[in-house]
Amino acid sequence: MSRPARLLALLLGVLFVLSLFVGSNPIPVFQALLDRLRDAPSAIGIVLAEVRLPRTLIAIVAGAALGVCGAALQGFLHNPLASPGLIGTSSGAAFGAVVALYFGFAGGYGIPLAGMLGALLATLLVYLIAGRDTGMLTLILAGVAINALLTALISLLLSLAPSPYAVQEIVVWMLRSISNHGFDDFWLMLPGALLGGLLLFRCRRALDALTLGEDTATTLGIDLRRTRALLFAGVALAMGSVVSITGAIGFVGLITPHLLRPLAAHRPGRLLALSALGGAGLLLAADIGVRLLQRFGGVEIKVGIVTALLGAPFFLWLILHHRRSPA
Amino acid sequence: MRDFRADRLDVVIDNRHILKAIDLRVRAGEMHGLIAPTGAGKSTLLRALAGVRPAAGHIRFDGVELSTLSPLERARRIAWLAQSGPVHWPLSIAQIVALSRQPWHEAEALTREKTTRLLDACGLGDLAERRYDTLSGGEKARVLLARALAGEPELLLADEPTAALDLSHQLEVMALLRAHCRRGNAVIVVLHDLRLAGHYCDRLQFLKGGSTLVSGTPPQVITAHWLETAYDIRLREGRDALEAFSLNWRLRERNYPANR
């Protein structure tokens with residue numbers, strides 16, 4: 001494990017502990033832990049084990065998946081503006097989930113599987129439209145178009161919903177975030193996120209080699225078709241699983257790789273692990289912020305709002321930065 | 001490696017016949033120069049030989065059909081240096097060069113050691129930790145050549161490696177390629193400078209319109225007749241082509257072995 005990775009893991013560990021201590025209401029965490037360990041029935045024990053712990057774990061897995069997907073997409077498309085939110089992956093997953101709700105096969109792994117399929121189709125579509133070696137702008141514009149199309153299709157499905165119950169189900173699903181989930185949701189999300197992450201890690205060497213362009217990477221022994229398949233499957237699995245549980249959370253996948261790229265010496269392959277750790281830390285920190293705001297400010301907001309408030313200015317800065325120095 | 005040969009290579013792109021029945025053979029220790037006017041298909045030929053561009057015909061490495069080699073095996077034996085290859089992230093020079101060691105799946109320490117040794121040999125040791133995007137055009141070209149050499153390829157396919165370089169660096173690059181041949185490897189190089197080609201290459205192949213015009217040793221190929229056929233240029237009366245395109249200088253300081 002490299003030094004930056006160790007530091008990020010340590011930071012994540014600290015945030016994990018902190019996250020168990022922070023909630024909308026203060027609870028004696030040690031007492032709650034003791035209650036759980038002794039199997040003594042207590043409300044605070046339940047709050048710790050069935051509210052805070054799953055919420056924390058979901059934030060970690062979702063953040064890690066967003067971070068690693070962002071890093072993988074940026075490396076593969078050699079485009080610093082690529083991220084699951086901007087190129088339509090998250091919208092695709094959301095659309096898939098809404099389709100599952102609309103047609104009534106949302107039970108069990110229905111929503112995550114539909115989310116994976118939606119994420120895969122949307123990402124592939126943007127990739128096919130934007131091409132491989134086109135400029136940054138084409139990719140972003142294709143992403144904007146696909147995002148708009150998918151948002152419109154979701155609205156259309158809402159309008160055409162067969163019953164008010166379906167509408168309600170879809171709306172409730174669309175309002176979800178990383179709060180209000182139990183371990184059942186965590187277990188629904190984990191396999192796809194884990195498998196997706198593993199597939200992406202298998203692209204490490206290829207992503208490094210792709211720094212020299214697709215043709216040179218081929219002469220370095222990289223099987224481009226296999227890399228593409230692994231990458232799109234990995235992103236689809238991870239994002240489909242995460243978005244179907246937490247809803248779309250913007251900007252984590254964009255910011256994280258950027259912040260950590262210097263620590264990875266700009267190597268796209270090395271950036272994957274760091275982005276997973278960093279994304280997990282970033283989303284968990286944002287969620288802790290949300291809970292603190294709720295506790296001391298009395299306002300409840302979704303974590304996606306915090307990441308967007310931080311991420312949107314960062315995104316604008318990135319665009320301006322790259323307009324000034326296109327290299 | 002013993003020999004590398006291509007037989008009757010054909011490349012068609014968008015219904016245009018870019019390469020027509022090209023034959024090519026290079027043996028271990030040889031430098032084979034591809035010479036042609038712009039647009040004759042030199043780069044396409046090199047890409048086809050590198051396996052980047054699909055082509056009809058046969059390409060054999062020591063008698064084994066190239067398409068039957070695994071991508072990894074091919075990567076260990078053949079390196080391709082693109083004319084102006086992109087470097088998408090601001091990696092350090094050492095990192096870029098180390099990418100060519102990837103197919104060897106060796107320990108990172110060994111890669112570092114080999115990379116350092118190569119960069120020193122290429123006169124780039126001082127730049128090892130510099131970021132690629134801070135280099136001059138000439139430095140970038142030399143780094144990319146070092147990158148291609150780092151995999152210790154038995155066959156190096158180099159597309160205009162001297163294009164962005166000043167005179168002394170052109171000689172330095174050609175000497176590096178020559179040294180690579182002397183270690184029992186082969187080089188196929190695209191060149192525009194007939195002086196360099198005539199001086200450093202063992203064999204030259206003139207292409208025109210996607211076909212081979214002539215192939216042979218420099219004295220056989222650099223003649224008034226073939227220059228006129230390939231480039232539509234005519235030598236002044238009484239001048240000898242080989243003499244006109246001869247290279248009469250060598251690097252003084254480094255005293256590179258400059259001849260063939």
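1. In this predicted model, B:Phe61 stands opposite B:Val64, a residue of strand β5 of chain B. The two strands concerned are β4(B), residues 56-61, and β5(B); they run antiparallel and are joined by two bridges.

2. These strands belong to a wider arrangement. Chain B has an open sheet of four strands, with antiparallel pairing, in the order β2-β1-β4-β5. Its edges are β2(B), residues 16-27, and β5(B), residues 64-65, each of which pairs on one side only. Helix α1(B) packs on this sheet and touches β1(B), β2(B) and β4(B). The direction of α1(B) makes about 120° with that of β1(B), the strand of residues 3-13.

3. Further along chain B, the reader should examine strand β9(B), residues 203-208, which has two pairing partners to consider. With β3(B), residues 31-35, strand β9(B) runs parallel, and four bridges join the two. Within this part of the model, B:His32 has B:Arg203 of β9(B) as its bridge partner.

4. The other partner is β10(B), residues 211-216, which pairs with β9(B) in the antiparallel sense over five bridges. Here B:Lys208 is placed opposite B:Ser211 of β10(B). The two strands make a hairpin, with two residues between them. In the turn, B:Gly209 has a positive phi of about 55°.

5. The next matter is the contact between the chains. How many residues does the contact take from each chain? Chain B contributes 24 residues and chain A contributes 25 residues. The size of an interface is often expressed as the accessible area that is lost when the parts come together. For chain B and chain A, about 2100 Å² is buried between them, and 62% of this lies on carbon and sulfur atoms. Of the area that chain B buries against chain A, 34% is supplied by B:His88, B:Trp89 and B:Gln102, more than by any other three residues.

6. Specific interactions also cross this interface. Two salt bridges are found between chain B and chain A. In one of them, the side chains of A:Arg270 and B:Glu108 meet at 3.8 Å, N to O. Between the two chains, four residue pairs are in polar contact, counting pairs with both residues at pLDDT 80 or more.

7. Which elements of chain B give two or more residues to the side that touches chain A? They are α1(B) (42-50), α2(B) (71-77), β6(B) (78-81) and α3(B) (93-98). Among these, α2(B) gives the most, with three residues. By character, the residues on this side of chain B divide into 15 nonpolar, five polar and four charged.

Definitions and conventions
Residues are numbered from 1 along each chain as its sequence is written. Chains are lettered from A and ligands numbered from 1 in the order in which they are written. This is a predicted model: local features need pLDDT of at least 70, side-chain atom pairs count only at pLDDT 80 or more; totals for chains, interfaces and linings use all residues. Side-chain values use heavy atoms; hydrogens and water are left out. Two strands pair if DSSP finds at least two bridges between them. Contact means heavy atoms within 4.5 Å. Buried area is the accessible area (1.4 Å probe) that two parts lose on being put together, summed over both. A salt bridge is a side-chain nitrogen of Lys or Arg within 4 Å of a carboxyl oxygen of Asp or Glu. A polar contact is a pair of N or O atoms within 3.5 Å; within protein, one must be able to donate a hydrogen and the other to accept it, and residues adjacent in sequence count only if both atoms are side-chain atoms. Ala, Val, Leu, Ile, Met, Phe, Trp, Tyr, Cys and Pro count as nonpolar, Asp, Glu, Lys and Arg as charged, and the others, Gly among them, as polar. Axes are lines fitted to C-alpha atoms, for helices over the stretch in contact, and angles run from 0 to 180 degrees between N-to-C directions.
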